[in-house]
Amino acid sequence: MTLRIDLTDRHHTHTEDEREHVKEKVSKLTHFFDQLQHIEIILDKEHDQHVVEVLVTASKHLHFVGHATND
């Protein structure tokens, strides 16, 4: 099964370079857990903060969620 990576922009349009950089970084998660099925990335900008949320679905109905906020 192939890993599906979806990326969504919210409240701000990110450049293609930024989007590719994020996809490249999250694709490295397969080094730690080889049963990943789907990764959903949500890029947002609230006020002056950049917000990233990563939702990961793996086999056997496992779900992982990560959040990060930075200037």
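Start by selecting Arg19 in this predicted model. Arg19 is a buried residue, with a relative accessible area of 18%. The cut-off for "buried" is under 20%. Now add Asp9 to your selection and look at the two side chains: they meet in a salt bridge, with 2.7 Å from N to O. Asp9 sits in strand β1 and Arg19 in helix α1, so this pair ties together parts that are 10 residues apart in sequence. Is Asp9 buried or partly exposed? At 25% relative accessibility, Asp9 counts as partly exposed.

**Next stop: another salt bridge**

How many salt bridges does the structure hold? There are 2 of them. You have just seen the pair Asp9 and Arg19, so now select Asp6 and Arg4, which also form a salt bridge. Here the closest N and O atoms are 3.2 Å apart. Asp6 is partly exposed, at 29% relative accessibility. Arg4 is partly exposed too, at 48%.

**Stay on strand β1: Ile5**

Strand β1 covers residues 4-10. Select Ile5, which belongs to this strand. Ile5 has a relative accessible area of 22%, making it partly exposed. Which residues touch Ile5, once neighbours within four places in sequence are set aside? The contacts are Lys23, Val26, Ser27, Ile39 and Ile41. Then show the C-alpha atoms of Ile5 and Glu40: they are 35 residues apart along the chain, yet 5.9 Å separates them in space.

**Move to helix α1 and its charges**

Select residues 16-26 to light up helix α1. Glu24 is found in this helix, and with a relative accessible area of 47% it is partly exposed. Next, show the surface and colour Glu16, Asp17, Glu18, Glu20 and Glu24. What do these residues form on the surface? They gather in a patch of negative charge.

**A buried charge: Glu53**

Jump to strand β3, residues 49-58, and pick out Glu53. This residue is buried but has no salt bridge. Which side chain of opposite charge is nearest to Glu53? That is Arg10, and you can check the distance in your viewer: 4.8 Å. A salt bridge needs the nitrogen and oxygen within 4 Å, so this pair does not qualify. Now show what surrounds Glu53: leaving aside neighbours within four places in sequence, Glu53 is in contact with Glu40, Ile41, Ile42, Val65, Gly66 and His67. You have already met Glu40, whose C-alpha atom is 5.9 Å from that of Ile5, and Ile41, which is in contact with Ile5.

**Zoom out**

Finally, clear your selection and show the whole chain as a cartoon. You should find 1 helix and 4 strands. Trace them along the sequence and you will read the pattern β-α-β-β-β. The C-alpha atoms fill a box of roughly 40 × 20 × 15 Å along the principal axes. Of the 71 residues, 25% count as buried, and Arg19, where you began, is buried.

Switch the surface back on for a last look. The chain exposes about 5,300 Å², with carbon and sulfur atoms supplying 51% of that area. Colour by charge as well: there are 8 positive and 14 negative charges, and their mean positions lie 6 Å apart. As for contacts between residues at least 6 apart in sequence, 36% join residues at least 24 apart.

How values were computed. Residues are numbered from 1 along each chain as its sequence is written. This is a predicted model: local features need pLDDT of at least 70, side-chain atom pairs count only at pLDDT 80 or more; totals for chains, interfaces and linings use all residues. Side-chain values use heavy atoms; hydrogens and water are left out. Patches are made of residues with over 30% relative accessible area and no salt bridge: like charges are joined within 9 Å, nonpolar side chains (Val, Leu, Ile, Met, Phe, Trp, Tyr) within 5 Å. Accessible areas come from the Shrake-Rupley method with a 1.4 Å probe; for residues, only the protein chains shown count as cover. Lys and Arg count as positive and Asp and Glu as negative; His and the chain ends are not counted. The place of a charge is taken as NZ of Lys, CZ of Arg, CG of Asp or CD of Glu. Helices (H or I, at least four residues) and strands (E, at least two) are DSSP runs, numbered from the N terminus. Buried means under 20% relative accessible area, exposed over 50%, partly exposed in between (1.4 Å probe, protein chains only). Contact means heavy atoms within 4.5 Å.
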